[in-house]
Amino acid sequence: MAGRWAAFVGGLGLTTGSLVRFDEPMARRTTLRVGGPADVLVEPRDEADLAKVVAGCSRAGVSLTVVGRGSNLLIRDGGIRGVVVSLTQPAFGVIEVRGTRLHCGAGVRLNAVSIEARRNGFSGLEFLEGIPGSVGGALRMNAGAMGSATFEVVQSVRLMERDGMVREVPASEMAPRYRSCPLLRERIALGAVLVGNPGISEAVRERMEAYSRKRWESQPTQPSAGCIFKNPTVAPAGKLVDELGLKGLRVGAAAVSAIHGNFIVNEGGATATDVLTLIEKVRSLVFEARQVALETEVEILGEDVFSGGAA
Ligand code: EPU
């Protein structure tokens, strides 16, 4: 198997700066710390090498998955077939400030965006401070916190089509939804222009500190994938879970956090199956008690150990 993949990657003509790993355990690349191996993991050196991978996979009919910082990902125990791409190299991690705009690569951490905005005296981006992801992941998921969502501050997105072509698309054409941007399911976010408001007041500084404090107090620090469920319209998912007394419910080493009902934490050595079984338990208990069908917010990828088929 590894031989087949080595031949495939060898045929792509990547430069030596691109990193390629075979059978790469994905658990260490997600904040939840579960999940099996990727057949191939590529960390391209730059957009040109990324285009070779993307176009090569399209031509050969090889499945291509893009992962960010893995902070909203649940990878099944059988891992991911085909090629996984991660934009971790410096070329994707650049932030440039132009006026009140921040040009950010997909690999830039959201925390760094909020710090850079504050350093340059912009407000409006402070909600990004506590989201543990990258710009690419935040675009793909329209990630949010503190009542704001990513696309509220995006002016345009730089993306790559599956044939390797790069386009700049105005945010008005991206059609984001609550916690998703369907256009980026197929296309790969390379970066975005984020817009802040000039001027930063003492009130904004205080708001950032309050956000940070609130997060430390209300969210667990153990390994997790952030919020597991989308908030249904009736009430926040964490509140529903809490009201039903489900905090502390566990399967194997996966447990509903004692701190926040919408987090499942890995207490050490949990498997994806533990987490998925716990998710189903919570879903059915909430449905029985409240007739609310919780939908997962976390992105679930890969295949089960024994299924033999792609998910
Ligand atoms: N609540 C409880 N018990 C709990 C958890 C929450 O009663 O165990 C109550 C809180 O007291 C509050 C309400 O539920 O009245 C909402 O809770 P919180 O303010 O923590 O916000 P959330 O809706 O649960 C959302 C985002 C988080 C983000 C926080 C902070 C979603 C699904 N979640 O959580 O995002 O960090 O706001 O702004 O939108 C994520 O996307 O992964 C994530 C964690």
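Which backbone N or O atom lies 2.8 Å from an oxygen atom of the ligand? The atom belongs to the backbone of Gly 261, and I will start from that contact and work outwards.

Before that, a word on conventions: this is a predicted model, in which local features need pLDDT of at least 70 and side-chain atom pairs count only at pLDDT 80 or more, while totals for chains, interfaces and linings use all residues. Residues are numbered from 1 along each chain as its sequence is written, and side-chain values use heavy atoms, with hydrogens and water left out.

Let me stay with the ligand. Besides the backbone of Gly 261, which sits 2.8 Å from a ligand oxygen, the side chain of Gln 219 places an N or O atom 2.8 Å from an oxygen atom of the ligand, and a polar side-chain atom of Glu 297 lies 3.1 Å from a ligand oxygen. A polar contact here is a pair of N or O atoms within 3.5 Å; within protein, one must be able to donate a hydrogen and the other to accept it, and residues adjacent in sequence count only if both atoms are side-chain atoms. The ligand taken alone exposes 810 Å², of which the protein buries 75%, with accessible areas computed by the Shrake-Rupley method with a 1.4 Å probe and, for residues, only the protein chains shown counting as cover.

The surrounding shell has 21 residues, the closest being Met 146, Lys 214, Cys 227, Asn 231 and Asp 242, where a residue is near if one of its heavy atoms lies within 4 Å. The elements giving two or more residues to this shell are strand S9 (144-145), strand S15 (224-227) and helix H7 (237-243), and the largest share, three residues, comes from H7. Helices (H or I, at least four residues) and strands (E, at least two) are DSSP runs numbered from the N terminus. By class, the shell has seven nonpolar, eight polar and six charged residues; Ala, Val, Leu, Ile, Met, Phe, Trp, Tyr, Cys and Pro count as nonpolar, Asp, Glu, Lys and Arg as charged, and the others, Gly among them, as polar.

Helix H7 also leads us to the salt bridges. The side chains of Glu 243 and Arg 290 meet in one, at 3.1 Å from N to O, and because Glu 243 lies in helix H7 and Arg 290 in helix H8 (residues 272-290), the pair ties together parts that are 47 residues apart in sequence. Arg 290 is partly exposed, with a relative accessible area of 36%; buried means under 20%, exposed over 50%, and partly exposed in between (1.4 Å probe, protein chains only). In the whole structure there are 23 salt bridges, each a side-chain nitrogen of Lys or Arg within 4 Å of a carboxyl oxygen of Asp or Glu.

Now to strand S2, where six of the seven residues are buried. S1 and S2 pair in the antiparallel sense over six bridges, with Ala 38 in S2 as the bridge partner of Glu 24, whereas S2 and S5 pair in the parallel sense over four bridges, with Val 83 in S5 as the partner of Val 40. Two strands pair if DSSP finds at least two bridges between them.

Salt bridges accompany both pairings. Arg 81 forms one with Asp 39, the closest N and O atoms being 3.1 Å apart; Arg 81 lies in strand S5 (residues 80-86) and Asp 39 in strand S2, so this pair ties together parts that are 42 residues apart in sequence. Asp 39 is buried, at 8% relative accessible area, while Arg 81 counts as partly exposed, at 27%. Arg 29 forms a salt bridge with Glu 43, with the closest N and O atoms 3.5 Å apart, and both residues are buried. Arg 29 and Glu 43 also belong to a network of salt bridges that links them with Arg 21, Glu 24 and Arg 28.

Finally, some local backbone details. Strand S11 (residues 154-160) and strand S12 (residues 166-170) run antiparallel, joined by five bridges, and they form a hairpin with five residues between them, in whose turn Gly 164 has a positive phi of about 95 degrees. Asp 23, a residue other than glycine, has a positive phi near 50 degrees, and Asp 23 is found in strand S1.
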